[in-house]
Amino acid sequence: MFNNYNLFQNSDNSSKKSNFNNLIRKGSDVKLVSVIKSMTLQGLEGVLVNVEVDVSSGMPAWNVVGLPDTAIKESKERIRTAIKNCDVELLSRKYIINLSPADIRKEGSSLDLSMAVGILKCIEKIGDFDVNNTVFLGELSLDAKIKKINGILPICLEAKKQGIKRIILPMANSKEASVVDGLEIIGVKDLEEVIKYLNGEILVEPTKVNIKELFMKDIGEELDFAEVKGQESIKRALEISAAGRT
């Protein structure tokens with residue numbers, strides 16, 4: 001009788017466990033985790049960032065961890081709206097994004113595109129591609145356009161050092177980035193173009209520039225103090241010198 005009781009208990013527990021597993025997997029349309037590579041600036045140097053995205057069932061939430069600044073924390077609405085405007089529905093799920101390494105402060109909006117791609121890969125709107133050798137950079141607007149970012153040259157130089165082969169970035173940054181030899185620079189206009197390119201639906205030719213012609217071009221009229229980060233005292237001295245006053 002004791003053995004029969006244990007058999008009944010084990011059978012009952014096994015049945016409950018099976019029913020529980022079926023319940024949490026029922027209707028699941030997501031993979032566990034996707035890892036997308038991106039980069040950010042630390043001062044004047046690029047730093048490689050692994051954007052780890054987990055989409056799961058449960059209480060709807062959206063959390064970004066890994067020392068993000070305010071611009072990154074606010075990316076939630078930009079990304080959700082941009083994805084919606086690509087005719088992709090984001091269901092009520094628990095979205096957790098970890099920016100690794102977690103002990104380095106991340107700044108700016110250049111991680112928008114990588115986070116969006118990570119989410120789309122989790123929900124299987126983007127298929128398999130070479131995630132280990134591809135970096136995504138770009139700020140998303142609400143209409144899914146990909147905006148120009150700052151500091152693209154040091155980021156590309158660091159990407160080359162890290163052995164990255166391909167960078168997908170805003171079209172407005174593509175010529176500057178292609179100055180760095182040995183990288184496949186893919187300039188894109190919007191998120192929908194990125195989705196189609198990664199799924200093999202369209203072909204986007206890498207951007208190439210003639211470096212000799214670029215440096216021979218007279219760029220005197222294009223110089224702008226707005227492109228110089230910091231150095232306020234030096235800029236002030238130049239302004240006084242140009243004005244001819246002390």
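A disulfide is a pair of cysteine sulfur atoms within 2.5 Å. The legends below describe close-up views of a predicted model.

**View 1. Cysteines in a structure that holds 0 disulfides.** A disulfide is a covalent bond between the sulfur atoms of two cysteines, and the count of such pairs in this predicted model is 0. Two cysteines are shown here: C86 is buried, with a relative accessible area of 10%, and C156 is buried as well, with a relative accessible area of 0%. Both values fall in the buried class because that class takes in residues under 20% relative accessible area.

**View 2. A177 and the residues around it in helix α6.** Helix α6 covers residues 174-177, and A177 lies within this helix. With a relative accessibility of 0%, A177 counts as buried. When residues up to four places away in sequence are set aside, A177 touches I152, C156, L169 and I185; of these contacts, C156 is itself buried, at 0% relative accessible area. L157 is 20 residues from A177 along the chain, and the C-alpha atoms of the two are separated by 8.9 Å.

**View 3. Strand β8 with its parallel partners β5 and β9.** Strand β8 spans residues 166-170, and because 5 of its 5 residues are buried, the strand is largely enclosed by the rest of the structure. Strand β5, made of residues 134-136, pairs with β8 in the parallel sense over 3 bridges, and within this pairing T134 has R166 of β8 as its bridge partner. Strand β9, residues 184-188, also runs parallel to β8 and is joined to it by 5 bridges, with I167 standing opposite I185 in β9. I185 is also one of the residues that A177 touches.

Terms used. Residues are numbered from 1 along each chain as its sequence is written. This is a predicted model: local features need pLDDT of at least 70, side-chain atom pairs count only at pLDDT 80 or more; totals for chains, interfaces and linings use all residues. Side-chain values use heavy atoms; hydrogens and water are left out. Buried means under 20% relative accessible area, exposed over 50%, partly exposed in between (1.4 Å probe, protein chains only). Helices (H or I, at least four residues) and strands (E, at least two) are DSSP runs, numbered from the N terminus. Contact means heavy atoms within 4.5 Å. Two strands pair if DSSP finds at least two bridges between them.
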